[in-house]
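Here's a quick tour of a protein–DNA model, looking at how the chains meet and how the protein meets the DNA. Have the structure open while you read.

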2 protein chains.
Amino acid sequence: MSAALTLVGKGRHFASLGIREVTRQAGVVPTSFYRHFRNMDDLGLQLVDELGLVLRRMMREARNNVLQADKLMEESVGIFINHVQANRSFFFFMAQGLAGESRAVQEGIRSEMRFFASELANDLRRLRLAEHLSDGDLELTCDLVVRSVAFSLTDLLGVSPDDDYQIDQIRRRTTRFLQLIFVGAAHWKSEGA
Amino acid sequence: MSAALTLVGKGRHFASLGIREVTRQAGVVPTSFYRHFRNMDDLGLQLVDELGLVLRRMMREARNNVLQADKLMEESVGIFINHVQANRSFFFFMAQGLAGESRAVQEGIRSEMRFFASELANDLRRLRLAEHLSDGDLELTCDLVVRSVAFSLTDLLGVSPDDDYQIDQIRRRTTRFLQLIFVGAAHWKSEGA
DNA sequence: CACATAAGTGAACAACTGTACACAACGGTA
DNA sequence: TACCGTTGTGTACAGTTGTTCACTTATGTG
């Protein structure tokens with residue numbers, strides 16, 4: 001699995017990886033592959049599971065570190081970016097999988113994102129930051145937040161990991177996206193349709 | 001090129017297509033490929049160019065058909081969805097290319113999106129719908145709009161093209177995303193940081 | 001018409017692919 | 001220690017891949 005991730009991290013697309021290629025990278029003979037996976041799709045599914053762990057760790061860290069609400073977005077975006085940098089290959093895989101060729105992987109990633117959004121909604125409720133929003137509207141907002149951040153992911157993966165200037169640009173831009181969304185949420189239905 | 005698109009439309013990922021496979025689908029001998037493209041990346045780049053045309057057509061239609069401002073978002077989202085349905089394979093290619101393995105294709109698609117966002121900003125200025133926003137903030141808003149719609153693209157491509165119920169769900173959800181963003185834009189800086 | 005350019009063909013090649021099978025080394029448990 | 005399940009190995013095979021070359025056929029312009 002880490003061999004596959006390594007290749008993806010080097011810019012290859014998961015869909016174009018072959019069994020032999022992966023085992024070669026893993027320093028193991030091709031037939032060994034079948035001891036662990038039935039085919040590449042299977043490997044992809046297991047990677048999605050591990051990706052889930054990575055995302056959960058990120059969520060936990062965000063929950064612990066965001067103490068005061070006023071810096072909530074800056075800090076969350078910061079934590080997100082740090083995790084992406086620390087697990088670049090995983091996030092490459094995630095970005096690819098969203099439009100990948102395995103329906104199952106696609107659905108897996110999508111469901112991780114839904115989970116993430118619903119946890120975010122819970123947190124906002126708990127922190128009493130969304131008292132005027134109905135459950136449906138809060139869910140909508142959080143979904144949009146998660147999508148926006150996920151899209152920033154593709155920006156982030158497009159620049160070199162040590163191009164601090166560009167990364168900072170992305171950080172600010174993503175933060176402003178979130179602020180814009182939350183301003184919208186704050187005034188939602190006070191004038192919305 | 002349409003052979004490649006056809007394969008992509010059938011669920012294959014562009015990165016995993018081979019020359020022989022494409023020529024086979026095109027009903028032509030493998031060597032003919034080289035009469036038109038140097039390699040698969042080259043083919044991808046030319047597809048991006050054609051994708052640009054598709055997007056421009058869509059934009060033109062949106063401009064012509066959205067007469068009154070109050071239904072602007074519903075109608076734009078509707079036009080978007082119609083175009084996606086009518087050019088499904090193209091949009092599959094677009095969704096894949098955003099995290100594809102050819103940096104050039106990636107950059108091409110990204111630049112189409114930037115263009116789209118800036119045209120949207122122009123239109124909003126022209127329609128006097130964003131008078132209180134600075135150029136930078138308008139650009140930010142339009143970028144977020146385009147990203148949100150692009151993300152809905154992956155939703156749309158994930159459901160069967162004749163599952164009218166689900167498509168309508170996506171339509172409504174996307175519209176609400178846009179409304180949320182524009183409510184945010186309307187109140188931006190009136191209280192934003 | 002003749003002719004230049006573009007598009008398509010067929011055979012060939014070495015390199016690589018997924019998968020099968022029988023066999024060897026390992027790790028832990030009785 | 002003997003045993004068993006797991007992981008890894010080596011060999012093999014038929015099918016596919018990208019690319020080359022010299023060739024024929026189509027197409028449109030003078």
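## Polar links between the chains

In this predicted model, chain B and chain A share 19 residue pairs in polar contact, counting pairs where both residues are at pLDDT 80 or more. Salt bridges show up too: the rule finds 12 across the interface of chain B and chain A. One to look at is the pairing of the Glu139(A) and Arg173(B) side chains, at 3.0 Å from N to O.

On the side of chain B that touches chain A, helices H6 (88-97), H7 (103-126), H8 (135-158) and H9 (164-186) of chain B each put in at least two residues. H8(B) has the largest share, with 15 residues. By class, that side of chain B splits into 16 nonpolar, 13 polar and 12 charged residues.

## How much gets buried

Contact-wise, 41 residues of chain B meet 41 residues of chain A. About 3,900 Å² is buried between the two chains, with carbon and sulfur atoms giving 61% of that. Arg147(B), Phe151(B) and Leu180(B) account for 19% of what chain B buries against chain A, more than any other three residues.

## Over at DNA strand D

There are 14 residues around DNA strand D, and the nearest are Arg35(A), His36(A), Arg20(B), Arg24(B) and Thr31(B). Two phosphate approaches stand out for a look: a polar side-chain atom of His36(A) sits 2.5 Å from a phosphate oxygen of the strand, and a backbone N or O atom of Ile19(B) is 2.9 Å from one. Arg20(B) goes for a base instead, with a side-chain N or O atom 2.4 Å from a base nitrogen of DNA strand D.

Technical notes
Residues are numbered from 1 along each chain as its sequence is written. Chains are lettered from A and ligands numbered from 1 in the order in which they are written. This is a predicted model: local features need pLDDT of at least 70, side-chain atom pairs count only at pLDDT 80 or more; totals for chains, interfaces and linings use all residues. Side-chain values use heavy atoms; hydrogens and water are left out. A residue is near a molecule or strand if one of its heavy atoms lies within 4 Å of it. A polar contact is a pair of N or O atoms within 3.5 Å; within protein, one must be able to donate a hydrogen and the other to accept it, and residues adjacent in sequence count only if both atoms are side-chain atoms. Contact means heavy atoms within 4.5 Å. Buried area is the accessible area (1.4 Å probe) that two parts lose on being put together, summed over both. A salt bridge is a side-chain nitrogen of Lys or Arg within 4 Å of a carboxyl oxygen of Asp or Glu. Helices (H or I, at least four residues) and strands (E, at least two) are DSSP runs, numbered from the N terminus. Ala, Val, Leu, Ile, Met, Phe, Trp, Tyr, Cys and Pro count as nonpolar, Asp, Glu, Lys and Arg as charged, and the others, Gly among them, as polar.
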